[in-house]
Amino acid sequence: MSAEACYTIAVPIERAVTGVTISDGEHALCGYCGRSIGEGSPVGIYAYSMSDERDVTVARINCNDCATETITHPTLGGTEWLMRGTLALQSDVAHQSCQLVFVPNEGVVSMSPPTDGSNVVAEEQMEASMYCQQQ
Ligand SMILES: [Zn+2]
């Protein structure tokens, strides 16, 4: 799965992730349950940008059932976003191929600024994530 983004975060995050390639082909796999997701499916993505980078990277995609609402492990020095949207199929006529791209039509669900992620709350987050896994 390639999901590189060559955008800067000088633009709104919604714009930075719009049209980001989620998968080469007609289907992508949920990063949690492995379900195949295709065009028109509601999805959640996790994207981040480290303070010393200008790029936004889409690191994870989840189906509607697995998409999380909160960032349980904020990364110090990085800005992170959880976003909801749908997948769209974009065909490349010249190369006779198609790609699944992200359309952030529901916007940002959660955001963690670079200052979040100190060790003080690490334990609390561990508990929170264990709780999530039990569900
Ligand atoms: Zn899933």
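## A first pair and the model behind it

Let's start with one pair: V43 has C63 in strand 5 as its bridge partner. Helices (H or I, at least four residues) and strands (E, at least two) are DSSP runs, numbered from the N terminus. Residue numbers, for their part, begin at 1 along each chain as its sequence is written. This is a predicted model, in which local features need pLDDT of at least 70, side-chain atom pairs count only at pLDDT 80 or more, and totals for chains, interfaces and linings use all residues.

## Overall make-up

The protein has two helices and seven strands, and from the N terminus on the elements follow the order α-β-β-β-β-β-β-β-α. Of the contacts with a separation of 6 or more, 65% join residues 24 or more positions apart; a contact here requires C-beta atoms, placed from the backbone, within 7 Å.

## The sheet

Five strands make an open sheet in the order 1-7-6-4-5, with antiparallel pairing. Strand 1 (21-24) and strand 5 are at the edges, and each has a single partner strand, so one side of each lacks a neighbour in the sheet. From one strand to the next, the twist averages 35°, taken between N-to-C directions of axes fitted as lines to C-alpha atoms, on a scale from 0 to 180 degrees (for helices, the fit covers the stretch in contact).

Now for the pairings themselves, where two strands count as paired if DSSP finds at least two bridges between them. At one edge, strand 1 and strand 7 (residues 97-112) run antiparallel and are joined by three bridges; here D24 has Q99 as its bridge partner. Strand 7 also pairs with strand 6 in the antiparallel sense, over twelve bridges, and T86 is opposite V103 there. Four residues lie between these two strands in their hairpin, where Q96 takes a positive phi near 50°.

Moving on, strand 6 (residues 78-92) pairs with strand 4 (residues 42-50) over nine antiparallel bridges, with E80 of strand 6 opposite Y48. Strand 4 and strand 5 (residues 57-63) are antiparallel too, over six bridges, and they form a hairpin with six residues between them.

## The nonpolar core

In soluble globular proteins, nonpolar side chains tend to be buried together. Here, 25% of the 135 residues are buried, meaning that 20 or more other C-beta atoms lie within 10 Å of the residue's own (exposed is 12 or fewer, partly exposed is in between, and C-beta atoms are placed from the backbone). A nonpolar core is a set of buried Ala, Val, Leu, Ile, Met, Phe, Trp, Tyr and Cys residues joined through C-beta atoms within 7 Å.

The largest such core has 22 residues, of which V17, I22, V43, I45, A47, L87 and F102 touch the most other members. Helix 1 (13-17), strand 4, strand 5, strand 6 and strand 7 each give this core at least two residues. Leaving aside neighbours within four places in sequence, F102 is in contact with V17, T18, V20, I22, I45, V58, G85 and L87.

## Where to trust the model

The predictor's confidence in each residue, pLDDT, runs from 0 to 100. Its mean over the protein is 84, and 79% of the residues reach 70 or more. Confidence is highest in strand 3 (residues 36-38), at 97, and lowest in helix 2 (residues 122-134), at a mean of 50. Over residues 5-9 pLDDT stays under 50, and the model has 16 contacts for them beyond four places in sequence.

Methods. Contact = placed C-beta atoms within 7 Å.
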